[in-house]
Amino acid sequence: MILACLVLMLALAGLVITAERFVEGCAALANNFGVAPIIIGVTIIGFGTSAPEILVSGIAALQGNVGLAIGNAIGSNIANIGLILGITVMIKPITIQTTIFRCELPALLIVSLGTYWMIADKSLDRIDGVILVGFLAMFLGWLIRLCIQQNRVKNQADEPVAMEFDSGIPKSMSNAVAVVWTFAGLAGLIISSKVLVWAAVSIARTLGVSDLIIGLTIIALGTSLPELAASIASVLKNKSDMAIGNVIGSNIYNLCAVLSLPALVAPGVIDAQIVYRDYLIMGVLTLLLALMAADIFRRGQVGRLSGLILLSLYFGYQWNLYQSI
């Protein structure tokens, strides 16, 4: 048990570090080949922050731990809104300066409703997985096209998000170094994910709980650490657009890319608690985020009271999970 906990912490640290290296390598390569910063941000950086969830859920599904895979996807979304955004707002109230989230937030609501429709019959099959992947492809294509239409690529000085993406892309990294970082980061992600799944399953068996609970709690929190670090750093730099963008973008990736993996790899019946308990609280938090965003556009800021509400809901949900063990 102690060994598994230590291995779990080391694996989580490995996930965070290798994900960062993987993103740096991919972003540097794309930049060296002339890809625009906003496109790099929407695709590579967006994917990179969700890479831990994707790899962990993919490996868990391949090994037959479907509950852990699904719990990781849904639990990460709950942690992103309730814990990460809650902490971020408590540190500093968030102000929105760009209109890009008017597009991303409706997309998150649509995919959340669509995913609920898919799992309402308490099953996930390969058709569901294909639909989720297809929605992600359409969303990314639509968002990139929208950015180009609004001249976000050509007039980066007018777009805070594009400027933030540009500042986070390595400019002096050679192609050789970028390739090394890319493949080394990917290898590290795969190894860390496999070790993390082993440790999580070991802990679950020792405690006599389902791998779903472990996925919803420890794994979801651990794989959300990159989003937590990115959101706090963004709000401290007065880049509140990025703080909310990290949460919304990550949640779309989690539902489309992460949740699609157990559907594609190990389709079948899912635990009823996922539908009636876990996805319900995720939906409530997503709706609450939408209401707060609407308030942002009217008054310009989300205050600490909103953060307190989000944190209260998150910890209340965690307590409910603890009581159900």
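User: Looking at this predicted model, what average pLDDT does the chain have?
Analyst: Since we're dealing with a predicted model, confidence is a good place to begin. Of the residues, 81% score at least 70. Across the chain, the pLDDT averages 80.

User: And in which helix is confidence lowest?
Analyst: At the high end sits α11, with 91. At the low end the mean drops to 53, and that belongs to residues 160-167. The helix you're after is α6.

User: How many helices and strands are in the chain?
Analyst: The chain has 325 residues, and 56% of them count as buried. As for secondary structure, the tally is 13 helices and two strands.

User: What share of the contacts with a separation of 6 or more comes from residues 24 or more positions apart?
Analyst: Take a couple of examples of pairs far apart in sequence first. Ala293 and Leu105 are 188 residues apart along the chain, with 8.4 Å between their C-alpha atoms. Ala293 itself is in helix α12, and at 11% relative accessible area it is buried. For the chain, the share from residues 24 or more positions apart is 87%.

User: Ser112 in helix α4: buried or exposed?
Analyst: Ser112 touches Leu255, Tyr279, Met282 and Thr286, setting aside residues up to four places away in sequence. With Met282, 170 residues along the chain, the C-alpha separation is 8.9 Å. The relative accessible area of Ser112 is 7%, and the cut-off is under 20%, so Ser112 is buried.

User: What is the relative accessibility of Glu53?
Analyst: Glu53 is in helix α2. Leaving out neighbours within four places in sequence, its contacts are Asn72, Ser76, Thr223, Ser224, Glu227, Asn254 and Val258. Glu53 counts as buried, and its relative accessibility is 0%.

User: Which residue is 116 residues from Leu136 in sequence but 7.7 Å from it, C-alpha to C-alpha?
Analyst: Leu136 belongs to helix α5 and counts as buried at 11% relative accessibility. Beyond its neighbours within four places, Leu136 is in contact with Tyr253, Cys256 and Ala257, among others. The partner that fits both your numbers is Ile252.

User: Switching to charges, which side chains meet in a salt bridge?
Analyst: Side chains of opposite charge can pair when their charged atoms come close. The count here is one salt bridge, with an N to O distance of 2.7 Å. Both partners are buried, one at 14% relative accessible area and the other at 0%. They're Arg277 and Asp278.

User: How do the rings of Tyr314 and Phe315 pair?
Analyst: A pair of aromatic rings is described by the distance of the centres and the angle of the planes. The count of aromatic pairs comes to three. For Tyr314 and Phe315 the centres are 5.3 Å apart and the planes make an angle of 75°. Because an angle over 60 degrees falls in that class, this pair is edge-to-face.

User: Where is Tyr314, buried or exposed?
Analyst: Tyr314 is one half of the edge-to-face pair with Phe315. Its relative accessible area is 5%, against a limit of under 20%, so Tyr314 is buried.

User: Which residue other than glycine has a positive phi near 60°?
Analyst: Most residues other than glycine have a negative phi. The residue in question is in the loop between α4 (101-119) and β1 (123-124). With a relative accessible area of 27%, it is partly exposed. It's Lys122.

User: Now the surface: what is the accessible area of the nonpolar patch?
Analyst: The accessible surface of the chain is about 13,700 Å², and 69% of that belongs to carbon and sulfur atoms. The patch is made by Leu62, Val130, Val133, Leu264 and Val265. Its area is about 410 Å².

User: Which helices each supply at least two residues of that nonpolar patch?
Analyst: Leu62, one of the patch residues, is in helix α2, which covers residues 37-62. The helices that each give at least two residues span 126-149 and 260-265. Those are α5 and α11.

User: Is Leu62 buried or exposed?
Analyst: Leu62 is in helix α2 and takes part in the nonpolar patch. Its relative accessible area is 65%, and the cut-off is over 50%, so Leu62 is exposed.

Note on methods: Residues numbered from 1 in each chain as written. Heavy atoms only, no water. Patch = residues over 30% accessible without salt bridge, like charges linked within 9 Å, V, L, I, M, F, W, Y side chains within 5 Å. Areas by Shrake-Rupley, 256 points an atom, 1.4 Å probe, with all protein chains shown as cover. Salt bridge = Lys/Arg side-chain N within 4 Å of Asp/Glu carboxyl O. Helix = DSSP H or I, 4+ residues; strand = E, 2+ residues; numbered from the N terminus. Buried < 20%, exposed > 50% of the residue type's maximum accessible area, 1.4 Å probe, protein only. Phe/Tyr/Trp six-rings, centres within 6.5 Å; stacked < 30°, edge-to-face > 60°. Contact = heavy atoms within 4.5 Å. pLDDT = per-residue confidence, 0-100.
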